[in-house]
Amino acid sequence: MKWEERLQAQMPQNKLASAGMMCTYCDLGPCVINPFDEEPRVGACGIDAENMNMVNLALKVMKGLSDYTIELPETISLSLETMMGPHHTTGITIQSLLEASRPILKASEERVSAWHIDEQKPRDIEQGVGVLQRDAVNIVLTTYEPEMIKTSRSQKMRKLAQDNGAQKINLVGALCGGTEAAYAHGIPLLGGTDQLEEAQHMIDFIYESGDCVQACEQAVENFTSRDKAQFVPTATTRVRVGYPIDTEAINAALKKGVINGVVGLMGCHYGKSTWDTDELVQTLADSDIMVINLSYDLKHAEPGPESSALFSEYGIPLVLNGGCCEPGKFLGIDSLTVLIPTWGDPRLLTAAFAFASEGIPVILGTMPFVIPAVKNQLVEAGVTIESDSSRIMDLLR
Ligand code: SF4
């Protein structure tokens, strides 16, 4: 069963839960409240709808921070005692959540700067299910692990593959880590969750972590028993990757009026998002707005990466595929708006709050689970929610 079918099986999703009116924070719960018409309007501890949103958002921020091993600050105290107290409040506000999220930007920047980029250079790579090969050992890399790239290309592994009837080892990327590997090392890119599900019977091994040699050996063994008759040849698309995100040059181009703004497109386009990101990228490029795309859905705009004034003057493509969705990659860019088609993982919602805390506008394509009053607070704080991507240009102006 594919994720779309699993999601469909959940429909229609609960309206109260969709507004964040369900809480499982403590064992008095689960509490479901209804601030719109019926009782109860408060949880068993006494908190109201807005405070319940804050509990749920704080848990998301806590998860987002933990991805960078950062703890929730003391200013955000998730405490049942406070909720049970005379005022029945969490004391958490949207502003305090934004402030709490901010440190992930620096942490992300440090993470990215620790990655080796010696082999990074502009080049065209293939993208799509068609990167898999019938007669090669197909290994999918989903974490950024340069050692795996080296091992899969070694003489020893090439010989092992050939001794077992394969033409070669075909290492391709997928998901966040694989996108970074495609960006920095030029390996082909399978894509995301959709492509992984579609291609599962053509993949010999998915590398997430562990010993690289053992992984290659296991992949070769799996190749020998893969049913080659099930292989479906599919076309690929060719996309340019590998340009550095040169903040100084981008800001100089902005100042000189060579580009009219910068949009950071962040995270992957799947799930509930109804954005047409291909059309959006083309519209932005047509308006000389630079797009830095941090997702496994690599982008391209006509008439091609080398045809803009930005490229002629600064050697930077107007649509730059910049690897995986680390928010720290955008730090220091002026006139930036961050677009997040689907926040999907709490890390991206935390990133959205972090950008907003820095005064960088964010547009989300899917709603956080909040009531209208809290949505308005998010908008006031710089986090807009817009499900129709054709309206985004108006929001940028
Ligand atoms: S924190 Fe309050 S609303 Fe949440 S589960 Fe416990 S009692 Fe219910």
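The paragraphs below lead through the structure from its domains to its interior, its ligand shell and some local backbone features.

The model is predicted, and for that reason local features are reported at pLDDT of at least 70 and side-chain atom pairs at pLDDT 80 or more, while totals for chains, interfaces and linings use all residues. Residue numbers start from 1 along each chain as its sequence is written.

The protein is divided into domain 1 (3-107), domain 2 (123-237) and domain 3 (242-396), with bounds that come from an automatic or database domain assignment. The centres of domain 1 and domain 3, taken over C-alpha atoms, are separated by 27 Å. Between these two domains, 26 residues of domain 1 are in contact with 22 residues of domain 3, where contact means that the C-beta atoms, placed from the backbone, lie within 7 Å. On the side of domain 1 that touches domain 3, H2, H3, helix H5 (94-101) and helix H6 (103-113) each supply at least two residues; helices here are DSSP runs (H or I) of at least four residues and strands (E) are runs of at least two, numbered from the N terminus. H3 provides the largest share of that side, 10 residues. By residue class, the same side of domain 1 divides into 12 nonpolar, seven polar and seven charged residues, with Ala, Val, Leu, Ile, Met, Phe, Trp, Tyr, Cys and Pro counted as nonpolar, Asp, Glu, Lys and Arg as charged, and the others, Gly among them, as polar.

Helix H5 deserves a further look. Its residues Ile94, Leu97, Leu98, Ala100 and Ser101 are buried, a term that requires 20 or more other C-beta atoms within 10 Å of the residue's own, whereas 12 or fewer make a residue exposed and values in between make it partly exposed, with C-beta atoms placed from the backbone. Seen down the axis of H5, the buried residues fall within an arc of 165°, and therefore they line one face of the helix; the arc is that of the directions from the helix axis to the C-beta atoms. These buried residues pack against H3, H6, helix H15 (346-357) and helix H16 (372-381).

The largest nonpolar core has 113 residues, and those with the most contacts inside it are Val291, Ala352 and Val362; such a core is a set of buried Ala, Val, Leu, Ile, Met, Phe, Trp, Tyr and Cys residues joined through C-beta atoms within 7 Å. Leaving aside residues up to four places away in sequence, Ala352 touches Ile340, Trp343, Val362, Leu364 and Val383.

Tyr296 lies in the loop between E10 and H14, and Tyr296 is buried because 31 other C-beta atoms lie within 10 Å. Although Tyr296 and Thr179 are 117 residues apart in sequence, they are 5.4 Å apart in space, C-alpha to C-alpha. When residues up to four places away in sequence are not counted, Tyr296 touches Ala174, Leu175, Thr179, Leu189, Gly191, Gly192 and Cys268.

Around the ligand there are 14 residues, of which Cys23, Gly29, Cys31, Gly43 and Cys45 come nearest; a residue is near a molecule if its C-beta atom, placed from the backbone, lies within 6 Å of it. This shell divides into 11 nonpolar, three polar and no charged residues. Leu28 lies in the loop between strand E1 (22-23) and strand E2 (31-32), and touches Ala44 and Cys45 when residues up to four places away in sequence are not counted. Leu28 is partly exposed, because 14 other C-beta atoms lie within 10 Å.

The backbone also has features that can be set against a general background: most residues other than glycine have a negative phi, and most peptide bonds are trans. A cis peptide bond joins Met11 and Pro12, with omega about -5°, and Pro12 lies in the loop between helix H1 (3-8) and helix H2 (15-18). The peptide bond from Glu302 to Pro303 is likewise cis, with omega near 5°, and Pro303 is found in the loop between strand E10 (289-294) and helix H14 (309-314). Thr69, which is not a glycine, has a positive phi of about 50° and is placed in the loop between helix H3 (49-66) and helix H4 (80-84); Thr69 counts as exposed because it has 7 C-beta neighbours inside 10 Å. Ser335 has a positive phi near 50° in the loop between strand E11 (319-321) and strand E12 (336-340), and its 17 C-beta neighbours inside 10 Å are why Ser335 counts as partly exposed.
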